[in-house]
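Got the model open in your viewer? Let's walk through it one selection at a time.

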Amino acid sequence: MSPGTRSGTRADLAAKGHQFYTDHSDTEVIVHLYEEYGRDFAHRINGMFALALWDRTEDKLLLIRDRMGVKPLFYARLGPLLVFSNTLECVRQHPAVSDRLNDLSIADFLLFDLIQDPAATAFAAVHRLPPAHSLVCEQDTLSIRRYWQPLI
């Protein structure tokens with residue numbers, strides 16, 4: 001991931017008054033990007049990433065996946081709990097995550113050698129955040145939206 005190199009992102013933020021404590025931390029740049037641009041900061045990050053950001057002032061969790069989907073991001077909604085990880089197996093380790101299979105995804109895999117729905121996995125309770133999407137979880141609501149689209 002390289003948030004500090006896209007059109008001088010670090011320098012642009014510093015010019016707007018953001019103070020950095022290191023000269024090499026992508027994480028620090030991400031936090032400042034979020035402070036400056038809110039949920040729309042993701043399109044300013046280059047590279048491959050899957051990240052989670054907790055906004056304690058607004059009491060919400062933000063999950064974001066890179067544009068091309070190189071880094072995976074899986075999640076399961078379990079009532080008021082959201083379990084997430086960059087590995088499917090880690091999400092499945094939670095005792096409340098069902099082992100029930102997603103029949104359509106299994107059929108896709110058997111027929112086409114891949115699961116056609118970018119948000120689906122082989123397990124009914126576990127979902128994949130599609131590439132170039134963000135997920136916001138606040139209180140009882142989940143909202144997912146695309147933050148970037150390739151120019152075709």
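Start by selecting S85, which you'll find in strand β4 (residues 81-85). This is a predicted model, so keep that in mind at every stop. Is S85 buried or exposed? With 10% relative accessibility, S85 counts as buried. Show its side chain and you'll see it reach the backbone nitrogen of T87, at 3.1 Å.

Next, pick E89 and R92. Both sit in helix α3 (residues 88-92), three residues apart, or about one turn of the helix. An α-helix has 3.6 residues a turn, so residues three or four places apart point the same way. The side chains of E89 and R92 meet in a salt bridge, 3.4 Å from N to O. E89 counts as partly exposed, at 45% relative accessibility. Now add D99 to the selection: E89, R92 and D99 are linked in a network of salt bridges.

Move along to N102. A side-chain oxygen of N102 lies 3.2 Å from the backbone nitrogen of L104, capping the N-terminal end of helix α4 (residues 103-112). Then jump to D113, just after α4, where phi is positive, about 70°.

How many salt bridges are there in the whole structure? A search finds five. One of them is worth a zoom: D40 pairs with R145, with the closest N and O atoms 2.5 Å apart. D40 is in the loop between α2 (26-37) and β1 (50-55) while R145 is in strand β7 (residues 141-146), so this pair ties together parts 105 residues apart in sequence. D40 is partly exposed at 44% relative accessibility, and R145 is partly exposed too, with a relative accessible area of 34%.

For another salt bridge, select K60 and E58, whose side chains meet at 3.2 Å, N to O. K60 is buried, with a relative accessible area of 13%, whereas E58 is partly exposed, at 47%.

Now for some rings. Select Y34 and F41, an edge-to-face aromatic pair with 5.8 Å centre to centre and 80° between the planes. Y34 and F41 are both buried. Then look at R44, which lies over the face of Y37, 3.5 Å from the ring centre. At R10, the charged end sits over the ring of F20, 4.7 Å from its centre.

Last stop: switch on the surface and colour M48, M68 and V70. Together they make a nonpolar surface patch of about 320 Å². M68 is in the loop between β2 (60-65) and β3 (74-78), and it is exposed, with a relative accessible area of 59%.

Conventions: Residues are numbered from 1 along each chain as its sequence is written. Side-chain values use heavy atoms; hydrogens and water are left out. Patches are made of residues with over 30% relative accessible area and no salt bridge: like charges are joined within 9 Å, nonpolar side chains (Val, Leu, Ile, Met, Phe, Trp, Tyr) within 5 Å. Accessible areas come from the Shrake-Rupley method with a 1.4 Å probe; for residues, only the protein chains shown count as cover. A salt bridge is a side-chain nitrogen of Lys or Arg within 4 Å of a carboxyl oxygen of Asp or Glu. Helices (H or I, at least four residues) and strands (E, at least two) are DSSP runs, numbered from the N terminus. Buried means under 20% relative accessible area, exposed over 50%, partly exposed in between (1.4 Å probe, protein chains only). A polar contact is a pair of N or O atoms within 3.5 Å; within protein, one must be able to donate a hydrogen and the other to accept it, and residues adjacent in sequence count only if both atoms are side-chain atoms. Rings of Phe, Tyr and Trp (its six-membered ring) pair if their centres lie within 6.5 Å; planes under 30 degrees apart count as stacked, over 60 as edge-to-face and the rest as tilted. A charge sits over a ring if NZ of Lys or CZ of Arg is within 6 Å of the ring centre and within 35 degrees of the ring normal.
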